[in-house]
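Student: Could you give me a close look at how burial and contacts work in one part of this model, and then connect it with what lies elsewhere? I would enjoy one continuous walk through it.

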Amino acid sequence: MPSDNTSHAINPDTGSGHAYGMGGTNANASGESLFMRRIAAIICMLLAFSLVLFAACSPSRPANPRTGNVITDCAGRHVEVPENAQSVACLYAYTGHVCVLLGCEDKISAVVKGLKRDHLMERKIENIDDLPSPYGQGAINIEELSAVKPDLILVRSSVLQDAGELEKLGGLGIPYLIVDYTTAADQIYSIEMMGSALGSDDRAKAYTDYYRSTFDLVRERVASIPASEKLTVFHSVNEAVRTDIPGTLSYEVLENAGCVNVVSKSSELHLDGEKGNATVEQIYTWDPDVVLVNEPTACEYIKTDSKFSGLRAVREGRVFQLPVGISRWAHPGSVESPIATLYIAKLLYPDRFEDIDISQETKDFYERFFDISLTDEDVESILSGIGMREAREGSSVS
Amino acid sequence: MKPNKAKWAAAIIAVVAVFLLSICVGRFPLSPDQVLQALLQRFFGIDFGITPDAIAIVADNRFPRALAGAVVGASLAASGCAFQGLFQNPLVSQGILGVSSGASFGAALSILIFSTTLFTPAFAFVFALLAVGLSFMVARMCGEVTSLMLVLGGMIISAIFAALLSFLKYVADPYNQLASIVFWNMGSLASLESAVLPYGFAVMIIGLVILLGTSWMLNVLSMGDREASSMGVSVKRARLAIVSGASLATAGAVSIAGTIGWVGLVIPHIARFIVGSDNRTLIPFSMLLGAAFMMLVDILCRTVTGSEIPLGILTSLIGGPFFIYLLRRYKGRGWK
Amino acid sequence: MSLLEVNDLAFSFGDKLVFEHVSFTVDPGQVFCLVGPNGCGKTTLEHCVLMHLKPQRGDIRVNGKSLSEYSERELAGEVAYVPQTHVRSFPYRTIDVVAMGRARKQRFLDARADHEQYALEIMDQLGIDHLAEKEYTTLSGGELQMVLLARALVQESKMLVLDEPVAHLDVRRTQDILLLLAKLAKSRGLAILLSTHDFNHPLMLEDEGIDIQMGLMEGGRMSEIGVPTQILSSGCLNDIYGIESQIVEIPGEPVHHFLATWSNGRKDCVDNAKR
C-alpha cells in the first residue's frame, strides 16, 4: 500500500504532470534563479524520460473494454480474465470503492489497509477487518496474496514501474488488471473496464451515464457565468499546501464546477511524484476567493493558524471542508467525482442550482449506486466531511 | 584583539542582514518599504494602509519563519559545538550521536499518543537525552571510549531510532498522522505550527542559555577529567549540564523544524576556523553563523520555485562543498 | 596544624595492593617529596589526596577537614594539581589555558572578568608571559610544564600536588623548576607535595634551605620519612635498589649535595650531575 493510498496516479502514457512542470519551468525562467531552474528542468526531463522508458505499454482505449475473454485494462494491456471471477484482490483502495459501486463487494477477498477505516465500506462489508491486506509500503506480500487464491487481482499502474513487483505478480499466474486514471475520461473507462471484468456492465454503465450527465449538467449551468464572475479556488489536498496538478481528475472536477483553479495562474509547482506542493506565500499571491479542503485537520489548520490569517478567503470565511463519503469528494483518488462537481458548483454558485437539494441528491446517490440507505444524520456527517473516516485508535480527527 | 572585533561585527551584521533579507523576499511581491510599514502597522498600530494579506505575509509568515530559522540554526550549531567539545571529537554532531533521530522519534511518538503537537518538545528532549546516553553506553561497552567507538555507537543508536521512526510511520494513520510524522525526518521551516512555536522557542532558548553558561566548563573538561575536577569542576555534573543543554537545543529545533542535518557538524567547524577553539567564543560565534546560514538556506528553499524545497537537501548541497573548500583552505586548523 | 594529614592510608586496585599503612603530614611552607622506584604507588597516593581515587582504608584531612566532606570546588581552593602528562586536544591560546585555573571562581553565566589579567601576572612572574598569545598545542614539553604550573598557581590554593614535574625535562629546566618550587614554598608559604624517582631532587631542594621532608616509598609502605640527607646517607638505598650510594659534596660551593651511586662497582652519576 502506498503511504497515501487515495492519491491518484499520473498516467504513464502522457506523463502529463511532468511535461507540464517542465514547460512551466522554462516559460517562467526569469533572471532571479535561472541556474536553479535549468537544473530543475534537466531533472524533470530525466524524470519524464525515465517514465517513458518504464511505461513500455501505451494504452489505446477501445470503445468496449471486453473482446471475448480479453479485457483491455487501464494501461492498455490485454488480459484474459476468468468467466466468472468470484474472488477479487483489491490492492488499490479505489478498486475497493468501485467493487462496491458494481455490487461486487462480496467478491472482495483482499484489501488495502486504508479501506478498513472507511465507515461506509464497513457497512457494505461487515468482515472487512478480517480480510487480509497483502499490499503495503509499495510492495506486495506475495505469499499472503497467493494464500488468498484470488481469481483476479486489481493493482495500480505504479506496479508497472517496478520490475520486481511485476515479476512476483507474473509468477503467480493469476490475471491482474491495472486500474488507474488521470482524467475524468480515464476514470470513466476504469469503472466500465472493471464492470466488464466483473460481469457488472449494467451497473457500471448506469454510473458512468450519471457521471457524464452530471458533468454535462453542471458544465452547462456554469458556462454562462462571465469569466470575471467566476470564483478562484485553492484546493487543499491532504496537507494544507498540497494542491491539484492541472490535467488530473481533481483539477477537472473543480474546473467543471466553474472554478478557476489558482494553480492555472502559476506553473511553477514542484511535483513530488504525484503531489503538487505550493507554499503559503504562493497561495497569498494567488489570493483565491475560496479555499476548498479535503482533510478536516488541514481545514482546521487553515482556518485557525495565524499563517493563513491574512488570506482573503480566510478573513471572509470562505474556507470550506469538502464532504467525505465512501471517499473524499473531489480528492484525486475519489470515485464520487460527479456528485463532487455538483456539490462544489452549488456551493459556489447557489443561485444557479436552486433546484438541487444536495442532501436529497446525496441520499439518492448512495442509495442508487452503492445500495446504501443513509439516515439524515449520515447525510449530515458526509456533507460536513467529518465522521465517515476513522482515525486510528488513540487519536482524534479533531 | 582588533581582528577579533571585526569578525564579531561581521557575523552580527550578517545575521541582521540575512534576517532583513528574509522578511523582504518571497513569492509575494512586497517592497522593503511595504514590509517595514506592514510590521509597524501590525506591532505598533500605525496605519499605513497596508492590506491584511500583506501584513499576514510579513508578520505571520516571514517574520516567525525567519526568527525560527535563526533560533533553529543557532541551536543546531551550538549543540553541535558542545557535542564536539564534550567528546573532543571532530566527527560527532547531534546527527551522528543519534540525538536528532532520537528527538524525531520522540516527537513522532508524542503525535501518535496525544494527536496534538504541544508535547513534542518535551518528548523530543527526553528521547534526545536517551539517545546520546545510549550512544555513550554502547561506546563504553568495549572499555575505553574512543572516538571511533563513539561514532560507531552513535551510528547504531541513530539507526535504531530511525528504524523506530519508520515503524511509527508504518503504524500511523495515513490520513491524519502520517503527514506530520513524515515531516519529522524531512526537516523544513515550511510547516511551523504557530501553537508549538512558543514551546519550541522556550526549549531552545533554555538549551542555548545553558550552553552559553557552561561554555567555560567545556574548556576545562577538555583538559581531562582529573585536571578538571582538581580545578574545581564537578565533571559528572558539568557533563550532564552540557549534554542536557545541547539536547534541549536540538530537541527544540527538531520539534519545530524536523531533522535538519549538517548544520551541527559544518557550522562549528567553520566557526572554529575563524575564531579558534575557545568554547566561550566558539559557541556564541557558531550560533551567529548557524542563524545566518539557516535563514539564508531557507530563503532559497521558499523562493526558488513555487513549492518548498526541503531544507535538508540544500543544507547538504551547500554545506558539504563549502566544508570541503574550508578544509582545503585551512588544512584542518582548529583540530590538531 | 598541618595542612595535609594522611593517616594509615591503604589503597588497592582490585586484589592488587598498592600501598598500606601510609601516614604523613605536610605543613604550610613545607615541601614533602615522595620518592621511590617506578610503580611504588607515588602517583596513586597523590590521586588519593586529590580525590581522584578513593582509598580503601585510612583518612585524609585537609585543613583538619576530612576529604569526604569536600566538594570539588572547595578542594580546588585548598589543593591544586600539576599532572605529569597532559593530553592537548584543542589549540587554545596559552593565556586561556592558564586562566582556566580560575575555574573554581567562575559562576554559571560569568563573563571572563579579571581572570585573564590575573593569569598574565602569574605568567609574568614565571617568565613565560611571552607565550600568552601562542596556541598551547605548539609549546615544547618544558614550556607546557611551566604553563601547567602557572595554571595551578592561578588557582590560588594553599597546596600544590605535582606528579613527577620534571620527569621529561633536561637538567637545566629541572633545576629551574625545582628552584622555583623552593621559592614558592618559602615566599608564599605553599605546601608542596611532590613525587619524583630521582634522589637528587630532594637533595637539591634541601640545599635551598627550605623545610623539606622526604617520604621513601617501597614495597607498599612508606618505609622512611625524614630529611633527605639523613635518609640517603643511612644506606637504605642498598635495601631497596640493591646498590651502594654516597652523598658527595661539591668542593668550592656552599652546600651542594649530589648522590653518587655504584652498581656492580660502576661509578656513573657524579659525572652527569656535575654538568
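Tutor: Happy to. A residue counts as buried if 20 or more other C-beta atoms lie within 10 Å of its own, as exposed if 12 or fewer do, and as partly exposed in between. Please keep in mind that this is a predicted model.

Let's start in chain A, at an asparagine with an unusual backbone. A:N238 is not a glycine, yet its phi is positive, about 65°. This asparagine sits in the loop that links β10 to β11 (242-243) of chain A. Is it buried or exposed? With 25 other C-beta atoms within 10 Å, A:N238 passes the cut-off of 20 or more, so it is buried.

The strand before that loop, β10, belongs to an open sheet of four parallel strands, ordered β12-β10-β15-β16 in chain A. At the edges of the sheet are β12 (260-261) and β16 (319-321) of chain A, each of which pairs on one side only. Strand β10 (residues 232-236) of chain A runs parallel to β15 (residues 290-293) of chain A, and four bridges join them. Within this pair, A:F234 faces A:V291 of β15(A).

Stepping back, chain A is assigned two domains, domain 1 (66-199) and domain 2 (206-384). Their C-alpha centres are 27 Å apart. Where they touch, domain 1 of chain A contributes 20 residues and domain 2 of chain A contributes 18. On the domain 1 side of chain A, α3 (93-101), α4 (119-124) and α7 (184-198) each supply at least two residues. Of these, α3(A) gives the most to that side, with six residues. Sorted by class, the domain 1 side has eleven nonpolar, five polar and four charged residues.

Chain C offers a useful counterpart to the asparagine we began with. C:N63 also has a positive phi, about 55°, without being a glycine. This residue is found in the loop between β4 (57-62) and β5 (65-66) of chain C. How buried or exposed is it? C:N63 has 16 other C-beta atoms within 10 Å, which lies between the two cut-offs, so it is partly exposed.

Chain C as a whole has ten helices and 13 strands, and 42% of its 275 residues are buried. Taking the contacts in chain C between residues at least 6 apart in sequence, 65% join residues at least 24 apart.

One helix of chain C shows burial clearly. Helix α5 (residues 141-154) of chain C has 14 residues and reaches 20 Å from its first C-alpha to its last, close to the 20 Å expected at 1.5 Å a residue. Because eleven of its 14 residues are buried, α5(C) is largely enclosed by the rest of the structure. Those buried residues include C:L144, C:M146, C:L149 and C:L153, along with C:Q145 and C:R151. Among the elements that cover them are β6, α3 (94-99), α4 (115-125), β7 (159-163) and α6 (171-188) of chain C. After α5(C) comes C:E156, where phi is again positive, near 55°.

Strand β6 of chain C also takes us to the neighbouring topic, contact with chain B. Here 25 residues of chain C are in contact with 21 residues of chain B. α2 (72-78) and β6 (79-82) of chain C each supply at least two residues of the chain C side. The largest share of that side, three residues, comes from α2(C). By class, the chain C side has 13 nonpolar, six polar and six charged residues.

Finally, cross over into chain B for a helix with a one-sided pattern. Helix α8 (residues 197-213) of chain B has 17 residues, which should span 24 Å at 1.5 Å a residue, and its end C-alpha atoms are indeed 24 Å apart. Its buried residues are B:G200, B:V203, B:M204, B:G207, B:L208, B:I210 and B:L211. Looking down the axis of α8(B), they fall within an arc of 160°, so they line one face of the helix. The spacing fits a simple rule: an α-helix has 3.6 residues a turn, so residues three or four places apart point the same way. Covering the buried residues of α8(B) are elements of chain B including α3 (52-86), α5 (120-141), α9 (215-221), α11 (235-257) and α13 (279-303).

Note on methods: Residues are numbered from 1 along each chain as its sequence is written. Chains are lettered from A and ligands numbered from 1 in the order in which they are written. This is a predicted model: local features need pLDDT of at least 70, side-chain atom pairs count only at pLDDT 80 or more; totals for chains, interfaces and linings use all residues. Two residues are in contact if their C-beta atoms, placed from the backbone, lie within 7 Å. Two strands pair if DSSP finds at least two bridges between them. Ala, Val, Leu, Ile, Met, Phe, Trp, Tyr, Cys and Pro count as nonpolar, Asp, Glu, Lys and Arg as charged, and the others, Gly among them, as polar. Domain bounds come from an automatic or database domain assignment. The expected span of a helix is 1.5 Å times one less than its number of residues. The arc is that of the directions from the helix axis to the C-beta atoms.
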